[in-house]
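Reader: Would you please take a close look at one part of this model, beginning with its side-chain contacts, and then turn to a second site? I should like each term stated with its cut-offs.

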Amino acid sequence: MRVSDQEYSRDQRSFHLALRMLRHEARLNTICAWTKFTEERVRNLSRSHRRQQPRHDSEPHRGPSPKRLAPLLATASLRSEVAALAGLCRVLGIIPEARLLNARKRLPSVTLGERLCEAFEFFQEIVPFARLTFEQLVFLVFAVAEGEMCSIDLCASCRAVILVDHLSLARRVCVHCQNAKRVAADGQRREGEPTMETPEEPLEPPGSQRRLFD
Ligand SMILES: [Zn+2]
């Protein structure tokens with residue numbers, strides 16, 4: 001059977017996308033969904049890739065992908081990363097403007113998978129200590145596209161992009177404005193009696209990303 005140039009080109013793009021996702025430690029079901037390759041093909045690809053680059057751990061991860069939003073919003077720096085990446089994915093057309101029901105099934109394609117990798121790689125370039133994983137990004141893209149648990153909005157104070165958790169009653173402001181408000185409140189408090197209150201956010205270890213795009 002003769003394989004057309006178009007089919008060959010499509011297969012090559014899926015092949016390179018699968019390798020790229022393996023490097024980002026994507027799970028097997030994620031790679032299959034975006035490349036349209038079978039599990040067997042991804043496993044074979046992973047094996048041959050490891051033989052060629054034995055020091056590179058590119059075993060496709062098993063088990064379920066992230067399913068909860070809360071761990072992605074656990075700290076101020078993660079919330080900044082999530083907001084910036086969600087905004088980037090919207091600008092790049094990975095996350096559609098309109099809500100997409102069942103995005104997990106309907107969104108993945110080779111073209112969008114390539115853009116997703118570009119967004120992730122670009123973000124890692126400009127935010128060296130970024131902690132959001134590729135699988136968390138995939139979860140985020142589906143969650144925002146479906147629009148049930150969260151959505152993209154603008155900070156009520158400075159108009160920066162934020163991610164709104166639909167279960168949260170917190171004021172819709174970005175991490176930077178939230179911190180600025182807290183610092184101002186602390187300053188006013190210090191003018192009165194000194195207090196021993198601890199900060200609302202736990203201090204993060206040295207080297208972690210504190211603020212983005214200030
Ligand atoms: Zn703001």
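Author: The side chain of threonine 75 makes a polar contact with the side chain of serine 77, at 3.3 Å. A polar contact is a pair of N or O atoms within 3.5 Å; within protein, one must be able to donate a hydrogen and the other to accept it, and residues adjacent in sequence count only if both atoms are side-chain atoms. The model is predicted, so local features need pLDDT of at least 70 and side-chain atom pairs count only at pLDDT 80 or more, while totals for chains, interfaces and linings use all residues. Residues are numbered from 1 along each chain as its sequence is written, and side-chain values use heavy atoms, with hydrogens and water left out.

The side chain of threonine 75 also reaches the backbone nitrogen of leucine 78, at 3.2 Å. Threonine 75 lies in the loop between helix 3 and helix 4 (76–91); helices are DSSP runs of H or I with at least four residues, numbered from the N terminus. With a relative accessible area of 15%, threonine 75 is buried (buried is under 20%, exposed over 50%, partly exposed in between, with a 1.4 Å probe and protein chains only).

At the second site, Cys155, Cys158, Cys174 and Cys177 coordinate the zinc ion through their SG atoms at 2.3 Å. Donors are N, O and S atoms within 2.8 Å of the metal (3.2 Å for Na, K and Ca). The arrangement is tetrahedral because the 4 donor atoms subtend angles of 105 to 117°, and four donors count as tetrahedral if all angles lie between 85 and 135 degrees. Cysteine 155 is buried, at 0% relative accessible area, whereas cysteine 158 is partly exposed, at 39%.

Note on methods. Tetrahedral: all angles 85-135°; square planar, octahedral: opposite > 155°, others 65-115°. Helix = DSSP H or I, 4+ residues; strand = E, 2+ residues; numbered from the N terminus.
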